[in-house]
Amino acid sequence: MICSTGLIEEGALESTMYVVCREHLELAIEQFLDEYEEAPDVVDLEDTHFAAWDPPKQCERCDKPGQYLVV
Ligand SMILES: [Zn+2]
């Protein structure tokens, strides 16, 4: 899912990614596998900055800060 020019393709965002905390990372990977039948890429948001996009600040499954992008 990662292309050579950048992680995020316009329009591919909302439907094919999860932002989760460490605790929910495995769940998100399983959910991704269920839905897309291929392994996701996992990006550590602390190490990654996006030029044109601010990732959600919060895990989508709880109130903790989102730490990983599963895409
Ligand atoms: Zn969480």
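These exercises work through the fold of the protein, then three of its residues.

The model is predicted: local features need pLDDT of at least 70, side-chain atom pairs count only at pLDDT 80 or more, and totals for chains, interfaces and linings use all residues. Residues are numbered from 1 along each chain as its sequence is written.

**Exercise 1. Set out the secondary structure and the sheet.**

Step 1. List the elements. The protein has one helix and three strands. Helices (H or I, at least four residues) and strands (E, at least two) are DSSP runs, numbered from the N terminus. Along the sequence they follow the pattern β-α-β-β.

Step 2. Order the strands. The three strands make an open, antiparallel sheet in the order 1-3-2. Two strands pair if DSSP finds at least two bridges between them.

Step 3. Find the edges. Strand 1 (18-20) and strand 2 (42-44) are the edge strands, and each pairs on one side only. From one strand to the next, the twist averages 25°. Axes are lines fitted to C-alpha atoms, for helices over the stretch in contact, and angles run from 0 to 180 degrees between N-to-C directions.

Step 4. Check one pairing. Strand 2 and strand 3 (residues 68-70) are antiparallel partners over three bridges. Asp44 stands opposite Tyr68 in strand 3.

**Exercise 2. Place helix 1 against the sheet and test its length.**

Step 1. Place the helix. Helix 1 (residues 25-36) lies across strand 1, strand 2 and strand 3. Its direction is about 165° to strand 1.

Step 2. Test the length. The 12 residues of helix 1 reach 16 Å from first C-alpha to last, close to the 16 Å expected at 1.5 Å a residue. The expected span is 1.5 Å times one less than the number of residues.

Step 3. Look past the end. Glu37 follows helix 1 and is found in the loop between helix 1 and strand 2. Its phi is near 55°, a positive value in a residue other than glycine.

**Exercise 3. Decide whether Glu37, Phe32 and Pro55 are buried, partly exposed or exposed.**

Step 1. Fix the rule. A residue is buried if 20 or more other C-beta atoms lie within 10 Å of its own, exposed if 12 or fewer, and partly exposed in between, with C-beta atoms placed from the backbone.

Step 2. Apply the rule. Glu37 is exposed because it has 7 other C-beta atoms within 10 Å. Phe32 has 21 C-beta neighbours inside 10 Å, so it counts as buried. Pro55 has 17 inside 10 Å, so it counts as partly exposed.

Step 3. Set the scale. Of the 71 residues of the protein, 23% count as buried.

**Exercise 4. Trace the surroundings of Phe32 and Pro55.**

Step 1. Start with Phe32, in helix 1. Beyond neighbours within four places in sequence, Phe32 contacts Tyr18, Pro40 and Val70. Contact means C-beta atoms, placed from the backbone, within 7 Å. Phe32 and Tyr18 are 14 residues apart along the chain, with C-alpha atoms separated by 8.4 Å.

Step 2. Go on to Pro55, in the loop between strand 2 and strand 3. With neighbours within four places left aside, its contacts are Val19, Leu45, Phe50, Gly66 and Leu69.

Step 3. Find the core. The largest nonpolar core has 12 residues, among them Phe32, Tyr18 and Val70. Such a core is a set of buried Ala, Val, Leu, Ile, Met, Phe, Trp, Tyr and Cys residues joined through C-beta atoms within 7 Å. Strand 1, helix 1 and strand 3 each supply at least two residues of this core.

Conventions:
Two residues are in contact if their C-beta atoms, placed from the backbone, lie within 7 Å.
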